[in-house]
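Visitor: I would like a close look at a single part of this model, namely the surface that faces one of the DNA strands. Please take me through it slowly, and then set it beside the other places where the protein meets DNA or leaves open space.

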Amino acid sequence: MSHKNILAKHNIQLWPKDKIEAFRKRLLNWYDQNKRDLPWRRTSNPYYIWVSEIMLQQTQVDTVIPYYNRFIKTLPTIHDLAQASEETLLKLWEGLGYYSRVRNMKTAAIQIVEKHEGVFPRDKKDVLALKGIGPYTAGAVTSIAFNQAEPAVDGNVMRVMSRLFEIELDIGKASSRKVFEALIYELIDPDRPGDFNQALMDLGATICTPNNYFPETSPVKEFNASYINETWERYPIKKSTKKVKNFTYYTLAIKNERGEHLFEKRPSKGVLAGMWTYLMIDADDLPNEKWKSFENQSDESLIEDLENLALEMYGVKIKLNKQLKGQVSHIFSHLKWNLLVYEGDVVTEGVGIKETTWIHPESFDSIAFPVPTQKVRKLLTEITLF
DNA sequence: TACACGTGGGA
DNA sequence: TTCCCAAGTGT
């Protein structure tokens, strides 16, 4: 189906040619005067553009900037990325979240070395074939780095377009994206496609925002149907989200006589895949139903149950401090961890079902810990007042 | 198609 | 507190 047919099917009335050209001029003129000075806008190196786009996925600009600068300084070429160790990469990514992004980037870098002689491909099909690059990122890199007229439809672009054209599609649905892409194919400036895409995103990030949107301040308000019709509060259409699920873990911070701490490796799939945490025992795995609530934390048989489970799961005989050290909570996008932290010492080491390792605090700086682990570490180093 | 996948910030 | 948001992709 052609772009115009897709638009017609969804009752999106495309502008006449002269209006499209006027829109391009207005938008790009505003961008030229108001664009944000960002590190990845000072380069046309496709590798750097790519790094920035991966980091910016679901992540705010201010958060990304220091990570981006450190990353390209440490790994200045695709070859460096392809050869970097996973530990190096995770350390560079520590605290950014969505850690599969950087693992996928290494896979893609190896793809580029093997299939494209280490040169970032220009053909959109080849770009899309790279691990971790989907329709948005492929469009962003090819338009920004190579000046190709490809759409880069993210949340900003869908919000801006929904308001300009009073689009009724739910922007939360995966199927909606291709309709917005069809629209951008018709609107995009063939001479400055990368700037056009970035202008739309800047507009969405600074003026046409989710909250505090005042359309009269927009440089393209005359093109905005929802402004003209005073319907902007309706757009974009977005269904409400689901509630997060709660999980409670008894978290054991175990030390040995060398001062090392015991960590377990998360499974290779799922939340924080392959990352290190303190020992986490699911409250649902405890034999007594009453431990699933937050009460009874001083009961001595709880400590005994935890010590027995630690022996089963991690192979270590431990002696726990009966006093609850404290609680840590961490909210993910779709779930919440409540960690009940106990300290203890190892009596006898052994091998259990789960992969574990001893790490000395002097080595903490060279290992990537996810934020929940950092929060527990912080709790352990706080001075107890009584 | 819908859901899993991190984290921090703002209302 | 609670909710939503922020330059999405893989499965």
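Guide: In this predicted model, the surface near DNA strand C is made up of 9 nonpolar, 11 polar and 7 charged residues. In total 27 residues surround DNA strand C, and those that come nearest are Gln58, Gly132, Asp154, Asn156 and Pro210. Three helices, α3, α9 and α10, each contribute at least two residues to this surface; along the chain, α3 covers 46-56, α9 covers 135-146 and α10 covers 155-165.

The contacts with the backbone of the strand can be taken residue by residue. Gln58, already listed among the nearest residues, places a polar backbone atom 2.5 Å from a phosphate oxygen of DNA strand C. Tyr136 also uses its backbone, with an N or O atom 3.4 Å from a phosphate oxygen of DNA strand C. For Arg159, by contrast, the atom concerned is a polar side-chain atom, which lies 3.2 Å from a phosphate oxygen of the strand. Of the atoms of DNA strand C that come within 4 Å of the protein, 70% belong to sugar or phosphate, while the rest belong to bases.

The largest pocket shares several of these names. Its lining comprises 38 residues, and Leu56, Gln58, Asp154, Gly155 and Asn156 lie nearest its centre; Gln58, Asp154 and Asn156 are also listed among the residues that come nearest to DNA strand C. The volume of this pocket is about 1,400 Å³. Helices α3, α9 and α10 each give at least two residues to the lining, as do α4 (61-74) and α12 (193-206). By class, the lining of the largest pocket holds 15 nonpolar, 13 polar and 10 charged residues.

Helix α10 appears once more at the largest cavity, where it provides the largest share of the lining, 3 residues. About 40 Å³ of space lies in that cavity, and the residues around the space are Val160, Arg163, Leu164, Leu203, Cys208, Tyr213, Ser218, Val220 and Asn224. This lining consists of 6 nonpolar, 2 polar and 1 charged residues.

The surface near DNA strand B can now be set beside the one just described. It has 10 nonpolar, 10 polar and 1 charged residues, and of the 21 residues around the strand, Tyr98, Tyr99, Gly270, Leu272 and His334 come nearest. Strand β5 (326-331) and helix α15 (371-381) each supply at least two residues of this surface. Two of the nearest residues reach the phosphates through their side chains: a polar side-chain atom of Tyr99 is 2.5 Å from a phosphate oxygen of DNA strand B, and a polar side-chain atom of His334 is 3.0 Å from a phosphate oxygen of DNA strand B. Leu96 offers a contact to a base instead, with a polar backbone atom 3.5 Å from a base nitrogen of DNA strand B. Among the atoms of DNA strand B within 4 Å of the protein, 63% are part of sugar or phosphate, and the rest are part of bases.

Here, too, a pocket takes up some of the residues named for the strand. The second largest pocket has a volume of about 510 Å³, and of the 21 residues in its lining, Gly97, Tyr98, Tyr99, Leu272 and Phe332 are the closest to its centre. Helix α7 (100-116), strand β5 and helix α15 are the elements that give two or more residues to this lining, which has 11 nonpolar, 9 polar and 1 charged residues. Both domain 1 (3-234) and domain 2 (245-381) contribute at least three residues to the lining.

Helix α15 leads on to the remaining enclosed space, since a search of the whole structure finds 2 cavities of 30 Å³ or more. The second largest cavity has a volume of about 30 Å³, and its lining is formed by Thr251, Thr277, Tyr278, Met280, Leu339, Pro372, Thr373 and Val376. At least two of the lining residues come from each of β3 (276-282) and α15. In class terms, this lining has 5 nonpolar, 3 polar and no charged residues.

Methods:
Residues are numbered from 1 along each chain as its sequence is written. Chains are lettered from A and ligands numbered from 1 in the order in which they are written. This is a predicted model: local features need pLDDT of at least 70, side-chain atom pairs count only at pLDDT 80 or more; totals for chains, interfaces and linings use all residues. Side-chain values use heavy atoms; hydrogens and water are left out. A residue is near a molecule or strand if one of its heavy atoms lies within 4 Å of it. A polar contact is a pair of N or O atoms within 3.5 Å; within protein, one must be able to donate a hydrogen and the other to accept it, and residues adjacent in sequence count only if both atoms are side-chain atoms. Helices (H or I, at least four residues) and strands (E, at least two) are DSSP runs, numbered from the N terminus. Ala, Val, Leu, Ile, Met, Phe, Trp, Tyr, Cys and Pro count as nonpolar, Asp, Glu, Lys and Arg as charged, and the others, Gly among them, as polar. On a 1 Å grid over the protein atoms alone, a cavity is a set of points where a 1.4 Å probe fits but cannot get out, and a pocket is an open set with protein on both sides within 12 Å along at least five of seven lines; lining residues have an atom within 4 Å of a point. Grid points are joined across faces, edges and corners, and a volume is the space filled by probe spheres set on the points. Domain bounds come from an automatic or database domain assignment.
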